[in-house]
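User: I would like to go through this structure term by term and hear what stands behind each label. Please set each value against its definition before drawing a conclusion.

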Amino acid sequence: MIAVGDTLAQWEFEVEAGKVREFARAVHDTAGGDNPTIAPPTFPVVASADFVARLVSEILALDRSRTVHGEQEYEYFAPIHAGDRLQCRARLISDEMKEGRRGGAMRILRTETEYVSVASGKLVCREVSTTIEKAKAGQ
Amino acid sequence: MTLTAPAPIAFPPLTRTDLVRYAGASGDFNPLHHDHAFARQAGLPDVMAHGMLSAGLLASALTTWFGAGSVLRYAVRFRSPVWPGDRLVATCERLLAREDGGTGCLADLSLALRRSDDDVVLAGEASIRITL
């Protein structure tokens, strides 16, 4: 059973130049030119992909069919560059029930992921993601 | 101080190829985003764009307006699903400058990704550093 404050996963991620280029192209980010060295703002999704794929069903044990991604927030303390190595840690920071607009209780969970530069030891990005499990139909 | 908000940015109509390219680039291979039969079985009319693709497009408007590495905070709320064929436009609603005391200034802004004037699919807020 997972509780608020628990670490859900820890991993290390290498920011490959080709991956930055591929991601920039996929989100139509042309600010860095043809060979961007600064990662686009939402690039941390690449670092978190394996964790996020496991989050809903496996880690939080939610019903995927009524779970949606509600909000996403990033704070940046330094740009993420191609070539960086990031130490990543995801925690559950809140788990609340709220009355849904269509009746029934929905569950709102927030996870925080911190990305720390291995080279400098400094926090470069903090991400908060809000996951909503809607009420069961007819509840 | 209220600064002049930058001009809207229109993205090309979203294609299935855009969704597949984003799946590969991001590593999000949820079949709802590329497998039409799977999406239909889940009750959707078509494959649905990744929410974070929309968030990525709106973030690209930010870096186009203010430069790579200018973003200090970026937050989005997902309002409505996005589908292939959607024509999305990024708009900046409000841009409020704060003093930095240094060589540039900090600004807070509200922004949105719209399918039409009154159809916001993604609502956002950001703080940026403007280098003067």
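Analyst: Of the 132 residues of chain B, 38% count as buried, a residue being buried if 20 or more other C-beta atoms lie within 10 Å of its own, exposed if 12 or fewer, and partly exposed in between, with C-beta atoms placed from the backbone. In chain A, buried residues make up 31% of the 139 residues. This is a predicted model, in which local features need pLDDT of at least 70 and side-chain atom pairs count only at pLDDT 80 or more, while totals for chains, interfaces and linings use all residues. Residues are numbered from 1 along each chain as its sequence is written, and chains are lettered from A and ligands numbered from 1 in the order in which they are written.

User: What makes M52(B) count as buried?

Analyst: M52(B) has 24 C-beta neighbours inside 10 Å, and the cut-off for a buried residue is 20 or more, so M52(B) counts as buried. M52(B) lies in helix α3 of chain B, where helices (H or I, at least four residues) and strands (E, at least two) are DSSP runs, numbered from the N terminus. Leaving aside its neighbours within four places in sequence, M52(B) is in contact with T42(A), V45(A) and Q72(A) of chain A, and with S26(B) and D28(B) of chain B; a contact requires that the C-beta atoms of two residues, placed from the backbone, lie within 7 Å. The C-alpha atoms of M52(B) and L72(B), which are 20 residues apart along the chain, are separated by 18 Å.

User: Why is H28(A) called buried or exposed, and why is A61(A) called buried or exposed?

Analyst: H28(A) has 20 C-beta neighbours inside 10 Å and therefore counts as buried. A61(A) has 10 C-beta neighbours inside 10 Å and therefore counts as exposed. H28(A) is found in the loop between α1 and α2 of chain A, and A61(A) lies in the loop between α2 and β2 of that chain. H28(A) has a positive phi of about 55° although it is not a glycine, and phi of A61(A), likewise a residue other than glycine, is near 55°.

User: Why are α1(A) and α1(B) called roughly antiparallel or roughly parallel to each other?

Analyst: Two packed helices are described by the angle between their axes and the distance between the axes. Helix α1 (residues 17-26) of chain A and helix α1 (residues 16-26) of chain B pack at an angle of about 150°, with their axes 9 Å apart; the axes are lines fitted to C-alpha atoms, for helices over the stretch in contact, and angles run from 0 to 180 degrees between N-to-C directions. Angles under 35 degrees count as roughly parallel, over 145 as roughly antiparallel, 65 to 115 as roughly perpendicular and the rest as oblique, so α1(A) and α1(B) are roughly antiparallel to each other. E22(A), F23(A) and A26(A) in α1(A) meet R21(B), Y22(B), A25(B) and S26(B) in α1(B). By class, this contact has 4 nonpolar, 1 polar and 2 charged residues, where Ala, Val, Leu, Ile, Met, Phe, Trp, Tyr, Cys and Pro count as nonpolar, Asp, Glu, Lys and Arg as charged, and the others, Gly among them, as polar.

User: How many residues of each chain are in contact across the interface, and which element gives the largest share of the side of chain A?

Analyst: The contacts join 26 residues of chain A to 29 residues of chain B. On the side of chain A that touches chain B, α1, α2 (44-59) and β2 (67-76) each supply at least two residues, and the largest share, 8 residues, comes from β2(A). By class, that side has 14 nonpolar, 7 polar and 5 charged residues.

User: What makes a set of residues a nonpolar core, and which residues touch the most other members of the largest one?

Analyst: A nonpolar core is a set of buried Ala, Val, Leu, Ile, Met, Phe, Trp, Tyr and Cys residues joined through C-beta atoms within 7 Å. The largest nonpolar core has 56 residues, of which F23(A), L58(B), L62(B), L111(B), L113(B) and L122(B) touch the most other members. Helix α3 (residues 51-66) of chain B contributes the largest share of this core, 10 residues. Not counting residues up to four places away in sequence, L111(B) touches, among others, L58(B), A61(B) and A90(B).
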